[in-house]
Amino acid sequence: MTAVALAITDGMLHYELSVAVEVFGTDLTHIVDPWYDFSLCGSGPVHVGRFRLEPDHGLEHLARADTVIVPGWADTDRDPPAELVEAVRAAHAAGARVASLCTGAFVLGAAGLLDGRRATTHWAHTRELARRHPAATVDPDVLYVDNGDVLTSAGKAAAMDLCLHLVRLDHGSASANKIARRLVVPPHRDGGQAQFIATPLPAEGNHPLGELFPWALERLDQPLTVEDLARQARMSSRHLGRHFKHLTGTTPLQWLHTQRIRHAQELLETTDATVDTIATATGMGTATTLRRHFHRSVGVPPDTYRRTFRP
C-alpha cells in the first residue's frame, strides 16, 4: 500500500482531514523508507473551514491509489457530492482500500460500500447512518471497524486511531508506535474499544490506576490475574473493573491481553527471539498458545507477521 490519496471537497471537517495529512502526508522516511506517496484529490480548490486547499489531482486520480481516505463530511443532512461518491466507488472497484474518518462514512454509504458490512461513525450520527443505509450494520460503540478493503472510524481522536491502524497494517507495530510517539498520542487503541468513555482519561499519575498501568506493563511475562492487579491498586476486583471500564473502555483482562499481543508484535519485528521465547516474555506460556491468540487478534500467525514486518 504505497499510494495514499485523500479525497477532498467543500464541506469537509478540517480536523479529520489534517489528521490524515499529518500521518500520511508528512515525510517520515526517517522512520519508514519508502514512505507513502501522498496526494490530495479534488475537482478544484476546496474550502475546509477557514482553509483553502489546492488539490494535486482530480477526483479521477483516486482510482490509481492503493488507499483512499475520505475525511469527515460536515453537513450530514445533505447528500455528499455525486462526483465524490462516484469517484470513491470507482476507486474501490479498481482495488483501492477505502477508509472513512468520522462522518466520511456517509460518503462510503452513498457509494454502496457499506452494504453487508459493519461500519461506524461519530456516535452522534450512527442512528442516521443506519437509517439511510439499512443494509449496513452500524455499530455505535467502537472506535473503528476494519473490513479489510473498507474501513470506517468514529470521530475526532478515533480518526487518528484508524490512521495509525493503517500504518500498523502496512509497516508493522514498531513503526506505528514510533509515529505515535512523534505525534504524542497513544500508540494503540483497539478498534473495538468504546467510543464514549464515561470518565475522560486524566493526566498521567492523576487517577487511581496511574501507577498500575506501568507496573503491569513491566510484568507482562508474569501470569497476572485481576486479583493481582486489584491488590497492586489497593482496591477490590469489582472496584478495579469499574475504574478500568471508565478509563479504558474495556476490562482488566482484555487490556492485559491486548498489551501482550502488542508486545509480541514488537518483539517479532525487532528481535530474533524464537516464538517460544516470545511466548514466555509476553506471559502466553507456550508457543502454541501465543500462535492461537496472535492469529486470532492480528489475523496472521507470528512467523508470517515476522516475515512481513521484519526489516
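Is K156 buried, exposed or partly exposed? With a relative accessible area of 42%, K156 counts as partly exposed, because that value falls between the 20% limit for buried and the 50% limit for exposed. Keep in mind that we're looking at a predicted model here. K156 sits in the loop between β10 and α5, and its backbone is worth a look too: phi is positive, at about 50 degrees, although K156 is not a glycine.

There's another backbone case like that. C102 has a phi near 60 degrees, again a positive value in a residue other than glycine. You'll find C102 in the loop between β6 (97-100) and α3 (105-110). Its surroundings are another matter: the relative accessible area of C102 is 3%, so C102 is buried. While we're on backbone geometry, check the peptide bond from D33 to P34, which is cis, with omega near 5 degrees. P34 belongs to the loop between α1 and β2.

Now for the inside of the fold. The largest nonpolar core holds 37 residues, and those touching the most other members are L6, F24, I69, V167 and I179. Several elements give two or more residues to this core: the strands β1 (3-7), β2 (37-41) and β3 (46-48), along with the helices α1 (14-24), α5 (157-171) and α6 (173-183). The biggest contributor is α5, with 8 residues. For a close-up, pick V167. Setting aside neighbours within four places in sequence, V167 is in contact with V23, F24, W35, Y36, G172, A176 and I179. Apart from this core lies another one, made of 29 residues, with A5, L62, A91 and A96 among them.

A96 turns up again around D149. D149 is placed in the loop between β9 (144-146) and β10 (150-153), and its relative accessible area of 30% makes it partly exposed. Not counting residues up to four places away in sequence, D149 touches H92, A96, R97, V98 and R117. One of these partners, H92, also makes a polar contact with D149, side chain to side chain, at 2.8 Å. If you want a longer view from the same spot, look over to Y305: D149 and Y305 are 156 residues apart along the chain, and their C-alpha atoms are separated by 19 Å.

Y305 brings us to a pair of helices. The axes of α12 (residues 287-298) and α13 (residues 302-309) come within 9 Å and cross at roughly 55 degrees. The two helices are therefore oblique to each other, since 55 degrees is neither under 35 degrees, as roughly parallel would need, nor in the 65 to 115 range for roughly perpendicular. Where they meet, α12 brings R291, F294 and V298, while α13 brings P302, D303 and Y305. Sorted by class, this contact has 4 nonpolar residues, 2 charged ones and no polar ones.

One last stop is H133. This histidine is in the loop between α4 (126-132) and β8 (137-138). Despite the loop position, H133 is buried, because its relative accessible area is 12% and the cut-off for buried is under 20%. Leaving out neighbours within four places in sequence, H133 is in contact with F106, G109 and A110.

Notes: Residues numbered from 1 in each chain as written. Predicted model: local features only at pLDDT ≥ 70, side-chain atom pairs only at ≥ 80, totals over all residues. Heavy atoms only, no water. Helix = DSSP H or I, 4+ residues; strand = E, 2+ residues; numbered from the N terminus. Buried < 20%, exposed > 50% of the residue type's maximum accessible area, 1.4 Å probe, protein only. Contact = heavy atoms within 4.5 Å. Polar contact = N/O pair within 3.5 Å; in protein donor to acceptor, adjacent residues only side chain to side chain. Core = buried A, V, L, I, M, F, W, Y, C linked by side-chain atoms within 4.5 Å. Axes fitted to C-alpha atoms, helices over the stretch in contact; angles between N-to-C directions. Parallel < 35°, antiparallel > 145°, perpendicular 65-115°, else oblique. Nonpolar A, V, L, I, M, F, W, Y, C, P; charged D, E, K, R; others polar.
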